[in-house]
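Please open the structure in a viewer and keep the selection tool at hand. The tour proceeds stop by stop, stating at each one what to select and what is found there.

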Amino acid sequence: MSDILSPDVLLPAVVLVPLLGAAVAVASARAAAATAVITALLTAAIAVLLGRAVVAGGAVTHAAGAWGAPLGIEMHADGVAVLLLVVTAAIGICITVYATSYFRPIFEDEEDRGVRFFWPLWLLIWAALNAIFVATDLFNLYVCLELLTLPAVAMVALDGDREAVAAATRYLLLSIAGSLLFLLGVAIVYSGSGTLALAAIRESGMDARAAATALTLMTTGLAVKAALVPLHVWLPPAHAGAPAPGSAVLSGLVVKAAFIIVLRLWTEAFPGSLLAPGADLLGVLGAIAVLWGSLLALRQQRVKLVIAYSTVAQVGYLFLVFPLLLEAPGPAWSGTMYHLLSHALAKAALFLAAGAMLRAMGSDRLDDIAGVGQKLPMTFAAFGIAGLNLAGMPPSGGFIGKWLLLTAALSSGQWWWAVVIAIGSLLAAAYVLLVLRAAFLQPRARPLRHQPPWQLTAPALALALLSVVLGVWAEPPLLLLGATAPDLAP
């Protein structure tokens, strides 16, 4: 039994279990939902056990088939990886429970759309996410990124209507362009360094021009997938058009994976590039994303579009890390990762809450949810709590992340980033209040079509509360993040 629970077994299992679950869901459509529930619980348990092992004994490395780098596939789980795995598992369980009810028809004229394909797509995405979190070389990161992107595109098109298919097509075309740029960068890295392992690239003495070219290509390709302004045009229609659990997956998790790869490239493979103007450019694009995405969110008339444009804005905060890392590495690193984790929980909660509104009212337009707040107390409690996280209000995890980013900006003398963070937080509060105002302060316009069951309301509220727990119980995660801060010496 101890051998089964050893870190050397748990590390590959956290990828293989959801992958096998996806295969079973494809083979047996009738048992797909039950398979997904069992897989979610097993994957979450493995992530927690792996996290305990890392906390107790330090980082864990596993060489698949006993072939380590550079010839074989090597997996590595440190403090950052296990935090990502555990938060993904928490979101994964809630999405799985939610989807068991969401795809069930509630009216005679409804079709059972999406349920046949959702489960294998979702489990495949989960497996790819976990693999990205523990991969150590560019080739496997590329493969896992494609395994993540293709089912994500298919998930956008699950409803099958014209708008969903158009959004999925745009997402696919831009993702293919991003993948080609990333792959071209990988080829240049291999040609110039003779290796694809992140740690080995750093020590390879690669030509500076070739390294800069490769990093630019890979960062641009990943910026498409992370929806960084101005490469964000695919995100709002895709995330708003997907079914609610799919939107939660895409916005809460999928765009974060691309950013994680960008961050690892800049800090693990090419740390010397933080000295280049490219780091400042990424910060400027991030600042524009914070302001532009927030302003567009304020102009939307659909709840899901408000949340989708909010994702554009919140992703922008993550890219502020690049100009901050050199001068204030500790708070910049911890603040960025904390913002990523808390945003993942909050954004998944928001989309699940929006899906419950949609099921209750048959629409997510602000005019159509007018006055229904008291009829859907758990749904709007989840929306409000998660919204406070986006605005960086205490005691949420979003407050911890933004506070650390503010600390990094002010302590490094880069006060202009602090101004962006402050304005972005005020705008986030404004678009969250825009929805709550419609639900509670406007006169009731339409009756409820359907009272959402607990499977649609409890998961959203649970994720919103977890985003608060991340703020109240901040010391252990921050200790893990501090212990795994990157060494930025060129």
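Which residues does His 343 touch, not counting residues up to four places away in sequence? The model on display is a predicted one. Select His 343 together with its contacts: Ser 251, Lys 256, Thr 311, Gln 314, Ala 348, Asn 389 and Leu 390. His 343 belongs to helix H14. Is this residue buried or exposed? His 343 counts as buried because its relative accessible area is 2%, and the cut-off for buried is under 20%.

**The nonpolar core**

Next, select helix H14 as a whole, residues 329-361. This helix gives 20 residues to the largest nonpolar core, the most of any contributor. The core itself has 183 residues. Within this core, the residues with the most contacts are Trp 122, Leu 138, Leu 265, Phe 322 and Phe 383. Select Trp 122 from this group and display its surroundings. Leaving aside residues up to four places away in sequence, Trp 122 touches Gly 92, Ile 95, Thr 96, Met 155, Val 249 and Leu 253.

**A pair of strands**

Now select strand E1, residues 60-63, and strand E2, residues 74-77. How do these two strands run, parallel or antiparallel? E1 and E2 run antiparallel, and 4 bridges join them. For one pair to inspect, select His 62, which stands opposite Met 75 in E2. Then follow the side chains along E2. Met 75 and Ala 77 point to one face and are buried, whereas Glu 74 and His 76 point to the other face and are not buried. Such a pattern is a general one: in a regular strand the side chains alternate between the two faces of the sheet.

**The loop between H8 and H9**

Move to the loop between helix H8 (208-226) and helix H9 (235-241), where Pro 230 is placed. The peptide bond joining Val 229 and Pro 230 is cis, with omega about 5 degrees. Select Ala 227, which lies in this loop as well. Its phi is near 65 degrees, a positive value in a residue other than glycine. Ala 227 is buried, since its relative accessible area is 0%.

**The beginning of H10**

Select Ala 244 in helix H10, residues 244-269. Ala 244 counts as buried because its relative accessibility is 0%. Which residues surround Ala 244 as contacts, not counting residues up to four places away in sequence? They are Tyr 98, Tyr 102, Lys 304, Phe 351, Leu 352 and Gly 355. Add His 232 to the selection and compare the two positions. Ala 244 and His 232 are 12 residues apart in sequence and 20 Å apart in space, from C-alpha to C-alpha.

**A second cis bond**

Proceed to Pro 395, in the loop between helix H15 (377-390) and helix H16 (397-411). The peptide bond from Pro 394 to Pro 395 is cis, and its omega is near 5 degrees.

**A nonpolar patch on the surface**

For the final stop, select Leu 410, Trp 415, Trp 416, Val 419 and Ile 423. Together they make a nonpolar surface patch of about 510 Å². Helix H17, residues 415-440, gives the most to this patch, with 4 residues. Ile 423 is found in H17. This residue is classed as partly exposed because its relative accessible area is 38%, a value that falls between the cut-offs of 20% and 50%.

Key
Residues numbered from 1 in each chain as written. Predicted model: local features only at pLDDT ≥ 70, side-chain atom pairs only at ≥ 80, totals over all residues. Heavy atoms only, no water. Core = buried A, V, L, I, M, F, W, Y, C linked by side-chain atoms within 4.5 Å. Buried < 20%, exposed > 50% of the residue type's maximum accessible area, 1.4 Å probe, protein only. Contact = heavy atoms within 4.5 Å. Pairing = 2+ DSSP bridges. Patch = residues over 30% accessible without salt bridge, like charges linked within 9 Å, V, L, I, M, F, W, Y side chains within 5 Å. Areas by Shrake-Rupley, 256 points an atom, 1.4 Å probe, with all protein chains shown as cover. Salt bridge = Lys/Arg side-chain N within 4 Å of Asp/Glu carboxyl O.
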